[in-house]
Amino acid sequence: MLYINCPHCGMRSQNEFSYGGDASVKRPELNKEVSDQEWDNFVYNRKSLRGKHLELWQHISGCRQWIKVERDTATHEIFRTFKADEEVA
Amino acid sequence: MNQAFRIENSGLINRDKKLSFKFNGKTYFGYEGDTLASALLANGVHLVGRSFKYHRPRGFFGAGVDEPYAVVQLYRNGETEPNIKATEQELFEGLEAKSVNCWPSVNFDIGAINNFLRIFLPAGFYYKTFMWPKSFWYRIYEPFIRKAAGLGVASIKHDKERYEHKYEYCDLLIAGSGPSGLASAYAAAKNGAKVILAEDKPRFGGSLLTSDVNIGNQSGKDWAEGIIAELKTMPNVVVKNRSQIFGYYDHNMLVMSEKVSDHLPTTRKYHPNKRLWYIRAKEVLISSGSIERPIVFGNNDTPGVMLSSAAKEYLKVYGVLVGRKPLVFTNNDSGYETAIEFKKHGVDPVVLDSRKNPESEIIDEAKNLGINIKNSYVVVAAQGYKKVKSADIASISEDKKQLGKIENIECDCICVSGFWTPTIHLASQSGNKTKFKEEIDAFVPGQSKQNEITLGAANGVFTLEETLKTSFEAGSELSKKITENDNEIAIPNVVEKKSSQHDKFWCVPLPKGKNYKRFLDFQNDVAVSDIEIALREGYRSIEHVKRYTTLGMATDQGKTSNLNGLQLVSEIENKVVPAVGHTTFRPPYTPVSIGAIVGREVGKHSKPTRKSPMHSWHEKNNAVFVDAGVWLRPRYYKRGNENLFEGSKREAKNVRTNVGVCDVTTLGKIDIKGPDAAELLNRVYTNAWLKLPVGKARYGVMLREDGIVMDDGTTTRISENHYHMTTTTAQAANVLSHLEYYLQLVWPELNVNVVSTTEQWAGAAIAGPKSRDLLQKLFPNSDVSNEGLPFMGYMEGDLSGVKARIFRISFSGELAYEVNVESDYGNFMWEKIMEVGEEFNIQPYGTEALSTLRIEMGHVAGSELDGRTIPFDNALEGLVSKKKDFIGKRSLQRSAFIAEDRQRIVGVVPLDKQTSIPEGSHLVKDDKAPLPNPKLGHISASCWSVEYDNPFSLAILKDGKNMIGQKLFAMSPLKNKVIPVEIVSSHYVDPKGERVRS
Ligand SMILES: [Zn+2]
């Protein structure tokens with residue numbers, strides 16, 4: 001079970017969180033013309049990386065904040081975590 | 001027999017407490033502190049079971065967790081548990097155990113015929129033999145295998161024992177209380193670290209309990225006792241015996257099973273049977289020791305053949321002689337230690353040493369005691385069927401290829417030592433890259449992936465002096481990092497005998513003309529010949545060899561077999577062992593009770609049960625409940641002998657003619673506040689929300705980004721910047737997360753807050769032509785007329801002093817209202833409604849009637865909004881705004897979603913107006929078409945229309961728009977039904993929606 005550092009609450013076990021997928025995906029702006037390809041990329045196409053991956057988790061049984069987690073998908077190592085509005089450098 | 005093999009002046013058992021127990025129906029006696037194995041051995045019982053595949057007689061091979069085959073079926077306090085290692089089960093008064101794997105009895109076992117037919121049962125025999133004909137599988141093969149194989153019988157009774165889970169955090173978790181565990185725990189504890197020390201056995205001390213060493217000025221055993229006593233007094237230390245750490249998971253999470261009650265005749269009141277610990281440790285110290293390795297020789301599975309370390313442990317811990325004429329077969333000095341113990345207790349052993357001229361302090365001591373030692377000698381084969389009677393022995397050439405003349409020597413046990421294998425299971429589970437250590441012919445932990453370190457024998461360090469030194473240092477260093485304390489500890493002097501190099505020899509060649517079975521894996525009956533076959537048949541990867549032969553599988557996880565198997569593969573393949581590599585060690589290290597894994601989450605506790613504030617009223621009024629997600633909801637209120645069909649029909653009918661009340665507390669409720677609340681709603685719902693006036697409700701549909709309908713419900717504008725959203729019961733949690741996702745991540749600029757208020761409000765839906773009259777009586781000071789409270793209107797009311805929210809919304813298609821009060825007043829509200837409603841013939845209605853009412857109205861619910869449908873499919877396209885953007889809108893342009901013959905909701909009526917259509921039935925054009933019959937759609941929901949008094953269903957049908965009036969067939973292969981049907985509008989009752997507005 002992963003041990004995730006919620007930037008709001010501190011170290012918490014994985015069973016307090018729910019997974020939210022790739023955090024690098026940006027939703028196209030509202031009312032903007034979007035090509036089929038662009039929209040497919042947003043809705044469906046994911047890289048499914050092996051290695052370092054920036055992903056979303058929600059601290060669902062805690063502060064309910066969505067957070068960003070930088071995790072290695074192969075080793076499960078977690079490098080850094082960020083608040084929703086924090087810039088990932 | 002009365003403990004004829006128990007000796008005086010030895011052992012740590014409590015001879016003041018005699019215990020009686022039964023094995024295979026016969027009564028024996030042992031002492032407190034015995035294991036079932038030691039007590040049986042004290043009584044001279046060596047035959048304990050039959051082997052897995054060949055049903056050969058099985059005895060005791062080890063003395064603890066290393067035991068591969070002495071498993072029994074245990075009976076305790078009216079319960080039975082399979083797969084119990086006799087070497088681990090502590091004796092208690094009244095214990096009962098039986099052999100497994102034998103039928104009809106351990107002494108006469110029909111399956112043992114496999115032993116003589118074993119030419120048919122080589123490696124891969126399951127794969128080869130039982131492949132065909134297919135029809136034989138269920139009738140013949142499976143029942144045969146089930147009866148003949150297996151390691152016991154699981155109980156089918158409800159387990160009345162209680163199991164607990166516990167979560168714990170510590171600085172250092174130490175697995176094993178041998179010398180390295182004790183030293184590191186002590187050093188870390190002295191630095192103030194929070195330490196958990198776990199020992200799987202009842203006694204702490206590990207190898208110190210049996211080895212002849214001194215630490216400081218005391219025996220190893222006394223030193224261990226002193227350390228444990230001191231650790232127990234320290235507030236920052238938890239020491240746990242009978243506790244096996246069996247799994248090492250991600251991020252230093254380890255799981256430990258504590259046997260709280262297994263050593264007692266019954267579980268004490270308020271105590272669990274077992275406690276599962278989830279431990280998150282900053283650092284893990286693995287001091288799990290090592291397991292003695294067998295040497296492979298003919299018939300090496302005969303009862304009476306056992307590890308020399310086990311023989312020593314039975315002698316020193318339990319005061320039991322495993323034989324009176326022991327033969328010790330060794331390739332290193334450990335065998336001598338066992339021989340010396342025998343000699344000291346008046347028994348004359350013979351030692352066969354595969355080495356030519358070994359010299360060491362230990363060997364000198366054996367020689368001085370006058371022990372008969374034969375060098376360059378090996379056991380070729382054990383003789384005796386149910387017990388060792390003698391051994392064929394021979395001298396062996398220096399290259400270990402040629403055997404001398406075979407001699408037979410009488411003996412009643414063979415104690416074998418093929419050197420030591422570090423127990424690296426936990427390290428390997430942690431992701432540690434293990435490495436092969438040539439000097440000890442075994443793998444040891446290498447590069448760590450997590451915060452773990454392996455110490456002592458588990459790390460291939462076999463001298464006490466080095467073990468203590470490195471362990472004190474490691475405990476001290478690791479704790480210092482955490483606590484920043486640095487208390488120096490003097491490392492005590494160690495007196496131990498030096499030993500000499502072991503012989504790199506592990507398997508005795510077969511003598512000419514002999515075909516003895518030489519077992520590698522005792523639990524799974526894997527012999528040398530099986531591995532040879534697997535390799536001959538082309539299996540190369542060790543993982544494949546493992547699966548084909550079952551080597552190192554199952555509960556044993558290769559504890560005694562692993563390295564010998566690898567040696568064999570490497571020899572045949574002409575590779576070095578590290579190139580062959582070892583298979584992955586998987587948790588659990590030892591079997592764990594399913595009960596312990598499940599913990600308290602059984603039966604009603606397997607998930608939370610949520611009840612509405614009116615629940616006790618429903619109970620008192622004969623509600624029959626149904627699980628709705630985690631909620632319990634009344635399905636119908638039973639009157640007399642009514643069944644579900646009759647009851648729900650009565651309730652639904654009463655709604656259509658008079659008035660009914662339904663508990664809708666379970667609906668998800670979300671409170672939405674903030675200046676941008678309307679904007680948020682406008683983006684998440686498909687329809688327009690910016691112009692909803694205060695005091696008005698609106699029905700809304702929300703989509704996922706892929707265009708699929710996520711949920712529906714009404715949202716009401718309570719005040720300027722305050723909305724009350726309702727969701728379906730099932731989607732309440734998901735919708736909240738969905739809103740939070742967009743507010744926190746996508747549109748953080750929106751100034752809105754959302755919070756779940758599902759549990760804050762109790763809800764009652766009042767529906768039926770008389771509902772307004774009832775409502776007026778409930779709220780005499782409010783104007784609830786059609787003008788005062790029009791359809792989709794909202795107002796606050798005073799319910800006999802309780803503030804209430806009144807919504808004019810309808811799910812039933814009738815004139816209807818929903819009243820909410822704060823949860824604590826829910827029951828008050830309900831009783832008030834029932835009391836005032838009496839004159840209007842009010843009846844409560846449950847979910848079944850609720851479904852009937854919505855189905856015949858053509859209102860969609862979860863069975864249509866099933867994660868596969870878009871608004872059009874549900875005839876909700878009128879709610880999809882063309883002007884504004886919203887979540888999922890772009891996806892609605894997908895070609896499949898705008899196809900001409902897109903699926904759509906329809907009504908379905910059986911032609912005979914009699915036969916109810918099973919939900920899930922497929923709609924087809926031709927009921928006689930060959931399979932697979934093209935499916936046009938499926939029945940999503942069925943009811944008995946109370947309006948028309950005939951069955952009515954909803955269906956999602958391909959090209960549904962143009963299918964009205966068509967005749968099709970509803971087929972349910974599950975129910976074996978074919979029903980001719982007509983397709984009609986989904987709005988079966990009141991298609992213009994006049995009633996809700998009346
Ligand atoms: Zn948090």
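**Entry 1: the zinc site**

I began with the zinc ion and found that its donor residues follow the spacing C-x2-C-x49-H-x3-C along the sequence. I keep in mind throughout that this is a predicted model. Looking up the atoms themselves, I noted Cys6(A) through SG, Cys9(A) through SG, His59(A) through ND1 and Cys63(A) through SG as the protein donors, lying 2.0 to 2.3 Å from the zinc ion.

Why do I call the arrangement tetrahedral? The 4 donor atoms subtend angles of 104 to 113 degrees around the zinc ion, and that makes the arrangement tetrahedral. For reference I wrote down that the ideal angle for four tetrahedral donors is 109.5 degrees.

I then looked at where Cys9(A) and Cys63(A) sit in the zinc site, and this pair links distant parts of the chain, 54 residues apart. Cys9(A) belongs to the loop between strand S1 (3–6) and strand S2 (10–13) of chain A, while Cys63(A) belongs to the loop between strand S4 (52–58) and strand S5 (66–72) of chain A. I recorded Cys9(A) as partly exposed, with a relative accessible area of 29%, and Cys63(A) as partly exposed too, with a value of 24%.

**Entry 2: chain B as a whole**

Turning to chain B, I looked up its extent and found that the C-alpha trace spans about 115 × 70 × 55 Å along its principal axes. I listed 23 helices and 50 strands as its secondary structure, and of its 998 residues 59% count as buried. Among the contacts in chain B with a separation of 6 or more, 67% come from residues 24 or more positions apart.

The division of chain B that I copied down has domain 1 (1–160), domain 2 (163–290 + 422–495), domain 3 (294–418), domain 4 (621–666 + 758–863), domain 5 (670–757 + 868–893) and domain 6 (899–997). I looked up one pair, domain 4 and domain 6 of chain B, and their centres, taken over C-alpha atoms, are separated by 29 Å. The contact between them takes 21 residues from domain 4 of chain B and 20 residues from domain 6 of chain B.

**Entry 3: strand S18 of chain B**

Next I followed strand S18 (residues 326–330) of chain B, where 5 of the 5 residues are buried, so the strand is largely enclosed by the rest of the structure. Which residues point each way from S18(B)? Pro326(B), Val328(B) and Thr330(B) point one way, Leu327(B) and Phe329(B) point the other way, and all are buried.

For its partners, I noted that S18(B) pairs in the parallel sense with strand S24 (residues 413–417) of chain B over 5 bridges, with Phe329(B) standing opposite Val416(B). S18(B) is also joined by 4 bridges to strand S19 (residues 350–353) of chain B, again running parallel, and there Val328(B) stands opposite Val351(B). From S18(B) the chain crosses to S19(B) through helix H8 (residues 334–344) of chain B, and I recorded this β-α-β crossover as right-handed.

**Entry 4: helix H23 of chain B**

Last, I asked myself how many residues of helix H23 (residues 847–857) of chain B are buried. I found 9 of its 11 residues buried, so that I describe the helix as mostly covered; among them are Leu850(B), Leu853(B), Arg854(B) and Met857(B). The elements covering these buried residues include strand S32 (623–628), helix H18 (644–657) and strand S47 (937–945) of chain B. Just after H23(B), I noted that Gly858(B) takes a positive phi of about 80 degrees.

How values were computed. Residues numbered from 1 in each chain as written. Chains lettered and ligands numbered in written order. Predicted model: local features only at pLDDT ≥ 70, side-chain atom pairs only at ≥ 80, totals over all residues. Heavy atoms only, no water. Buried < 20%, exposed > 50% of the residue type's maximum accessible area, 1.4 Å probe, protein only. Helix = DSSP H or I, 4+ residues; strand = E, 2+ residues; numbered from the N terminus. Contact = heavy atoms within 4.5 Å. Donors = N, O, S within 2.8 Å, 3.2 Å for Na, K, Ca; no water. Tetrahedral: all angles 85-135°; square planar, octahedral: opposite > 155°, others 65-115°. Pairing = 2+ DSSP bridges. Right-handed = clockwise from strand over helix to strand, strands pointing away. Domains from an automatic or database assignment.
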